[in-house]
Amino acid sequence: MLTAYQTATRSLLQLPGSNSTSLYTDADLTRFINVARGQVAGEGQCIWVHGTISTVAGQDSYRFQDISVGGPGNGVQGVITISSLHISLGSGQLWLTPRPWPWFSLYERNTVTPQPGVPASWAQYGQGAAATAVPNSPVNGGSFYVSPAPDDVYPLICNSVCYPTPLTDDTSPEAIPYFWTDAVPFFAAYFALMSAQTNARIADAALMYKQHYKEFMDRARTQSNPDVLRWQYRQAGDPAQGPKMGIKAGGA
């Protein structure tokens, strides 16, 4: 897949010949492509994984980077955000109520005598995706709290939006699903054009991003929406939002 991305990106840069490597090496394009893949995964929220993490008795806070999203063979590196949490109990699982942090802080943590128990609600606290798997990385990532603090070890199932592992060669697995893969070369070309730092190339970069990349991201979302509840994904938009805000058809 990496070679296919490189070929498509070079074509968008109008550099199909062998001399193109003097402007953008394979290493340059690989770097741009992997950054683009992370951005596509974040904006498109197209990689979903049922991640798992076990609670620790008495501990109410947990990090995204500690959520297991599978082995390296699935091409998924870490969690961007969590859409829902379930707790495994008995032979089934129960949904934990999501709360905004101000509500959670006031109604769940505002006590001098907290009582442990089976977690029933949760709220995200730390912002950002899980920190990358770089030893001693200073980059922090997202986190969440549960309430009440667990009185035992419980498996949590985290319905997670994730970002992919970097591609290093054509054997690296691609976790980004088609049709979003079609948008990756456009974002990679945008980075390449921005790196040229000339007015003409920067103008080309703006067009590549605002028109072509955005077009393919919108197409991927539309093409991937299910027939049932096709507006369930945030990026799909709400066709009833206009009427809800009192906006009539035609913008009147």
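A residue counts as buried under 20% relative accessible area, as exposed over 50%, and as partly exposed in between. Keep that in mind for the close-ups below, which come from a predicted model.

**View 1. Pro166, a partly exposed loop residue.** Pro166 has a relative accessibility of 46%, which falls between the two cut-offs, so Pro166 is called partly exposed. The residue belongs to the loop that links S8 and H4. Leaving aside residues up to four places away in sequence, Pro166 touches Asn34, Arg37, Gln77 and Ser172. Zoom in on Gly38 as well: Pro166 and Gly38 are 128 residues apart in sequence, yet their C-alpha atoms are 8.6 Å apart in space.

**View 2. Ile176, a buried residue in the loop between S8 and H4.** Here the relative accessible area is just 4%, so Ile176 counts as buried. Helix H4, at the end of this loop, covers 184–196. What does Ile176 touch, if residues up to four places away in sequence are not counted? The list is Arg37, Val40, Cys46, Ile47, Pro164, Thr181 and Val184. Ala41 makes a handy landmark too, with 6.8 Å from its C-alpha to that of Ile176 and the two positions 135 residues apart in sequence.

**View 3. The open four-stranded sheet.** Go across the sheet and you meet the strands in the order S1-S8-S3-S4, paired antiparallel. Strand S1 (48–54) and strand S4 (92–95) are the edge strands; each has a single partner strand, so one side of each has no neighbour in the sheet. On average, and ignoring direction, neighbouring strands are turned by 45 degrees against each other. Helix H2 (residues 26–44) packs on this sheet and touches both S3 and strand S8 (155–164). The direction of H2 makes about 130 degrees with that of S8.

**View 4. Edge strand S1 and its partner S8.** S1 and S8 run antiparallel and are joined by seven bridges. Look for Trp48, which stands opposite Val161 in S8. Which side chains of S1 point to the buried face, and which to the other? Val49, Gly51 and Ile53 point to one face and are buried. Trp48, His50, Thr52 and Ser54 point to the other face and are not buried.

**View 5. The other edge, where S3 meets S4.** Strand S3 spans residues 76–89 and pairs with S4 in the antiparallel sense. Four bridges hold the pair in register on this close-up. To find your way, start from Ser88, whose bridge partner in S4 is Gln93.

**View 6. A nonpolar patch on the surface.** Trp103, Leu106 and Tyr107 make up this patch of about 330 Å². Leu106 sits in helix H3, which runs over residues 101–107. With a relative accessible area of 47%, Leu106 lies between the cut-offs for buried and exposed, so Leu106 is partly exposed.

**View 7. Zooming back out to the whole protein.** The protein has six helices and eight strands, and along the sequence they follow the pattern α-α-β-β-β-β-β-α-β-β-β-α-α-α. Of the 252 residues, 37% are buried. The protein exposes about 14000 Å², with 55% of that area supplied by carbon and sulfur atoms. Take the contacts between residues at least 6 apart in sequence: 70% of them join residues at least 24 apart.

Key. Residues are numbered from 1 along each chain as its sequence is written. This is a predicted model: local features need pLDDT of at least 70, side-chain atom pairs count only at pLDDT 80 or more; totals for chains, interfaces and linings use all residues. Side-chain values use heavy atoms; hydrogens and water are left out. Two strands pair if DSSP finds at least two bridges between them. Helices (H or I, at least four residues) and strands (E, at least two) are DSSP runs, numbered from the N terminus. Axes are lines fitted to C-alpha atoms, for helices over the stretch in contact, and angles run from 0 to 180 degrees between N-to-C directions. Contact means heavy atoms within 4.5 Å. Buried means under 20% relative accessible area, exposed over 50%, partly exposed in between (1.4 Å probe, protein chains only). Patches are made of residues with over 30% relative accessible area and no salt bridge: like charges are joined within 9 Å, nonpolar side chains (Val, Leu, Ile, Met, Phe, Trp, Tyr) within 5 Å. Accessible areas come from the Shrake-Rupley method with a 1.4 Å probe; for residues, only the protein chains shown count as cover. A salt bridge is a side-chain nitrogen of Lys or Arg within 4 Å of a carboxyl oxygen of Asp or Glu.
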